[in-house]
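Work through the exercises below with the sequence and the coordinates open. Each task is followed by a solution in steps.

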Amino acid sequence: MAMNRLTRDQILIRALDLADSAVLDTKDRPSATIVSTALSIGWLQEALDFFIKKFPFGATITTSPVSLAADATSFSVPTDFIQDYYNGIVLSDNQGRLGRRGLGAILNRSTTATGKPRIYSVKGSTIHIWPKTNKAYTGTLYYYQLPTALAASTVPTFPDDLILVEYVWIKAQEWQRLVPPGTAMKFANDRIAELQRSGIGNEAEEDQLPIDPHFAQQPSSSDDWMGSTSL
């Protein structure tokens, strides 16, 4: 995936040059250097967070260890969690990969069942698993990560420098009341649609349709979907 060339401060300097505001320069770079209290730092960070939450691309995938005690039914997500990678929990020692399902799939199953975890569902900051663990398990969670706060020399993980420069420039125009509030957010949403259409950051496609190993797992019988068979 294409990545940025510019650091945080280089992006901000370009955006402030475009804004050409003496008042904003006094606040953000009184001595030609971006100060720690600069308004534009917050604008850039909010842009990066928004883009990655709405368009989590492969470069932001990271891992976190999972440790489940016996009788566990859930665990908390990491603090920088955006969303899980699909079927993104892998148990240690080649014990398999859990399938992601909606919460209803877990609620439909027996609450007393125990065994090796097979499926999971993400609800807010909690990941629910089924069945209840029959012993302790460890594993790895693959997930899309919220970016850390940018430092002056940090090169943001993002496909295009120009998008970030233009977002901060538009926010500067909003701050000066030159454009209506919400103009920067509209710009961001439009760019997200373009990035999605371009295929940047998309996962490589499978060369065959994978068979879901969890498809036929039912609360009791694999014939339950037919309903009652007696008259």
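Contact means heavy atoms within 4.5 Å. The model is predicted, and every value below is computed from it.

**Exercise 1. Surroundings of Thr7**

Task: State where Thr7 lies, decide whether Thr7 is buried or exposed, and list what Thr7 touches beyond its sequence neighbours.

Solution.
Step 1. Thr7 sits in the segment before α1.
Step 2. The relative accessibility of Thr7 is 16%. The cut-off for buried is under 20%, so Thr7 counts as buried.
Step 3. Leaving out residues up to four places away in sequence, Thr7 touches Ala152, Ser153, Thr154, Val155 and Pro156.

**Exercise 2. Overall figures**

Task: Give the counts of helices and strands, the buried percentage, the share of contacts between residues 24 or more positions apart, and the exposed area.

Solution.
Step 1. The protein has six helices and nine strands.
Step 2. It has 231 residues, and 38% of them count as buried.
Step 3. Take the contacts with a separation of 6 or more: 68% of them join residues 24 or more positions apart.
Step 4. About 13300 Å² of the protein is exposed, with 51% of that area supplied by carbon and sulfur atoms.

**Exercise 3. Salt bridges**

Task: Count the salt bridges, then describe the pairs Arg29 with Asp17, Asp190 with Lys186, and Arg191 with Glu194.

Solution.
Step 1. The cut-off is a side-chain nitrogen of Lys or Arg within 4 Å of a carboxyl oxygen of Asp or Glu. The count by this rule is eight salt bridges.
Step 2. In the bridge between Arg29 and Asp17, the closest N and O atoms are 2.8 Å apart. This pair links distant parts of the chain, 12 residues apart: Asp17 belongs to helix α1 (residues 8-19), and Arg29 to the loop between α2 (22-28) and α3 (39-54). Arg29 has a relative accessible area of 13% and is buried, whereas Asp17, at 46%, is partly exposed.
Step 3. Asp190 and Lys186 form a salt bridge with an N to O distance of 3.0 Å. Both lie in helix α6 (residues 183-198); because they are four residues apart there, about one helical turn separates them. Asp190 is partly exposed at 33%, and Lys186 is exposed at 54%.
Step 4. Arg191 and Glu194 also meet in a salt bridge, at 3.0 Å from N to O. Their separation in helix α6 is three residues, about one turn of the helix. Arg191 is buried, with a relative accessible area of 16%, while Glu194 is partly exposed at 39%.
Step 5. Asp17, Asp25 and Arg29 are joined into one network by salt bridges that share partners.

**Exercise 4. Pairing of β4**

Task: Find the sense in which β4 pairs with β3 and with β6, and name a residue pair for each.

Solution.
Step 1. Strand β3 (residues 81-91) and strand β4 (residues 97-100) run antiparallel and are joined by two bridges. Opposite Leu98 in β4 stands Ile89.
Step 2. The hairpin of β3 and β4 has five residues between the strands, and Asp93 in this hairpin takes a positive phi near 60 degrees.
Step 3. With strand β6 (residues 119-123), β4 pairs in the parallel sense, again over two bridges. Here Arg100 has Tyr120 in β6 as its bridge partner.

**Exercise 5. Helix α3 and the nonpolar cores**

Task: Compare the span of α3 with the expected value, list its buried residues and what they pack against, and describe the largest nonpolar core.

Solution.
Step 1. From first C-alpha to last, the 16 residues of α3 reach 23 Å, close to the 22 Å expected at 1.5 Å a residue.
Step 2. Buried in α3 are Ser40, Ile41, Trp43, Leu44, Gln45, Ala47, Leu48, Asp49, Phe51 and Ile52. These buried residues pack against α1, α2, β3, β9 (137-145), α5 and α6.
Step 3. The largest nonpolar core contains 34 residues, and Leu44, Phe51 and Phe158 have the most contacts inside it. α1, α3, α5 (161-175) and α6 are the elements that give two or more residues to this core.
Step 4. Another core, of 15 residues, lies apart from it, and Val66, Ile89, Tyr137 and Tyr143 are among its members. Ile89 is also the residue that stands opposite Leu98 in Exercise 4.

Definitions and conventions
Residues numbered from 1 in each chain as written. Predicted model: local features only at pLDDT ≥ 70, side-chain atom pairs only at ≥ 80, totals over all residues. Heavy atoms only, no water. Buried < 20%, exposed > 50% of the residue type's maximum accessible area, 1.4 Å probe, protein only. Pairing = 2+ DSSP bridges. Core = buried A, V, L, I, M, F, W, Y, C linked by side-chain atoms within 4.5 Å. Areas by Shrake-Rupley, 256 points an atom, 1.4 Å probe, with all protein chains shown as cover. Expected span 1.5 Å × (residues − 1).
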